[in-house]
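Here is a short tour for a newcomer. It goes from the outside to the inside.

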Amino acid sequence: MKPFRKNVAIAIDGGGIRGVIVTRALALLEKELGQPVNRIFRLAAGTSTGSIISAGIGAGLTAGQMHELYVTLGDVIFRKTLQSQLWLLFKYRYPLGPIAAALRKHIGDKKMGDFWSADPPIDVVITAYDLVDNRTRFIKPWKPEYENWSAITAVLASSSVPTFFPPVEGRYVDGGVGAYANPCYITAFEAINCLGWDPAETTLLSFGTGHFPTGLQPGQATRFWPWEWLDPILGAFLQSTYDQQVQVVGTIFSGLDFRRFQVTLRENIGMDAADQMARLVEYGDELGQKMLNDETETIPDFRRVRPT
């Protein structure tokens, strides 16, 4: 693995229980470097499950501790009940209580501003979508607007995937509802334009939580019924937003040491599939080895080439 530069940041995608993949990979990073993640990263940004991990980093948890929490609490948070099975008859599948209780136990009553006033300070950026103002909120510890926000409220807002969990305070839902399910661009912007880090002295690690191959056969889409378009179109929409963020960072912040790591899932593992924990840990080992071997995702270059 190439050495990191002076300033190191991390961006973590959404993905529900698939956050296990990232915590496992980060545990391997801690072992490799002999340091906890809160000593490696001075900027952590995340969406949905990525916000949980980012807040955990800011609160001083090790990746190993967070990994154990995901493994042990997965069945509690995504407990299968009549409501979760017949969710179309209800407003949502799972209550936020178990997540809130876990956050309260391990993060405590921290305000967002506490991350910035820590020694050393750490910038924790959390994305959430505000349905009332119809915009993505970038919840940061140094902004007066958010410094007194409860860190738990910010994380719950970012993690409240529509239909899976209820909106927080009747207005905030998963940050991935906007264009930031992959927050790597926001992280690069925060590092360079807000914190003033020199790109030549900055490393940004971006972690995905696994993407799915389409699984379609040639000509299959021509035989789709209207309702059969839902899954592939939703998947294409999400994958497009993930890829766009990677392309933008690779193109605009060309002097940045940007490393994007992702694994391809070989089966459909939903964001609430806590019963697939063993497979998720295996994918975490795979992602961790990619990181240690610098096997980054290919970043397409969409800049125009001027015709001669």
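Helices here are DSSP runs of at least four residues, numbered from the N terminus. The model is predicted. Helix α5 covers residues 82-85, and Leu 82 lies in it.

**On the surface**

Is Leu 82 buried or exposed? A residue counts as exposed when its relative accessible area is over 50%. Leu 82 is at 60% relative accessibility, so it counts as exposed. Leu 82 also belongs to a nonpolar patch on the surface. Its partners there are Leu 86, Leu 89 and Phe 90. Together the four have about 430 Å² of accessible area.

**An enclosed helix**

Helix α8 spans residues 151-159. Why is this helix described as largely enclosed by the rest of the structure? Because eight of its nine residues are buried. Among them are Ala 151, Ile 152, Ala 154 and Val 155. Leu 156, Ala 157, Ser 158 and Ser 159 are buried as well. At the start of α8 sits a polar detail: a side-chain oxygen of Ser 150 comes within 3.2 Å of the backbone nitrogen of Ile 152.

**The cores**

In soluble globular proteins, nonpolar side chains tend to be buried together. The largest nonpolar core in this model has 63 residues. Leu 26, Phe 41, Ile 57 and Phe 207 have the most contacts inside it. Helix α11, residues 277-292, gives the largest share of this core, with seven residues. Another core, of 18 residues, lies apart from it. Ala 45, Ile 192, Trp 197 and Leu 256 are among the residues of that other core.

What does Leu 26 touch, leaving aside its neighbours within four places in sequence? Its contacts are Ile 10, Val 37, Phe 41, Ile 53, Ala 63 and Phe 207.

**Two buried strand residues**

Two polar residues in strands come next. Buried means under 20% relative accessible area. The table gives their values.

| Residue | Relative accessibility | Class |
|---|---|---|
| Asn 7 | 13% | buried |
| Thr 136 | 13% | buried |

Asn 7 is in strand β1, residues 7-12. Leaving aside neighbours within four places in sequence, Asn 7 is in contact with Trp 197, Glu 201, Thr 202 and Thr 203. Asn 7 and Arg 260 are 253 residues apart in sequence. In space they are 17 Å apart, C-alpha to C-alpha.

Thr 136 is in strand β4, residues 135-139. With neighbours within four places in sequence left aside, Thr 136 is in contact with Thr 127, Ala 128, Tyr 129, Gly 178 and Tyr 180.

How values were computed. Residues are numbered from 1 along each chain as its sequence is written. This is a predicted model: local features need pLDDT of at least 70, side-chain atom pairs count only at pLDDT 80 or more; totals for chains, interfaces and linings use all residues. Side-chain values use heavy atoms; hydrogens and water are left out. Patches are made of residues with over 30% relative accessible area and no salt bridge: like charges are joined within 9 Å, nonpolar side chains (Val, Leu, Ile, Met, Phe, Trp, Tyr) within 5 Å. Accessible areas come from the Shrake-Rupley method with a 1.4 Å probe; for residues, only the protein chains shown count as cover. A salt bridge is a side-chain nitrogen of Lys or Arg within 4 Å of a carboxyl oxygen of Asp or Glu. Helices (H or I, at least four residues) and strands (E, at least two) are DSSP runs, numbered from the N terminus. Buried means under 20% relative accessible area, exposed over 50%, partly exposed in between (1.4 Å probe, protein chains only). A polar contact is a pair of N or O atoms within 3.5 Å; within protein, one must be able to donate a hydrogen and the other to accept it, and residues adjacent in sequence count only if both atoms are side-chain atoms. Contact means heavy atoms within 4.5 Å. A nonpolar core is a set of buried Ala, Val, Leu, Ile, Met, Phe, Trp, Tyr and Cys residues joined through side-chain atoms within 4.5 Å.
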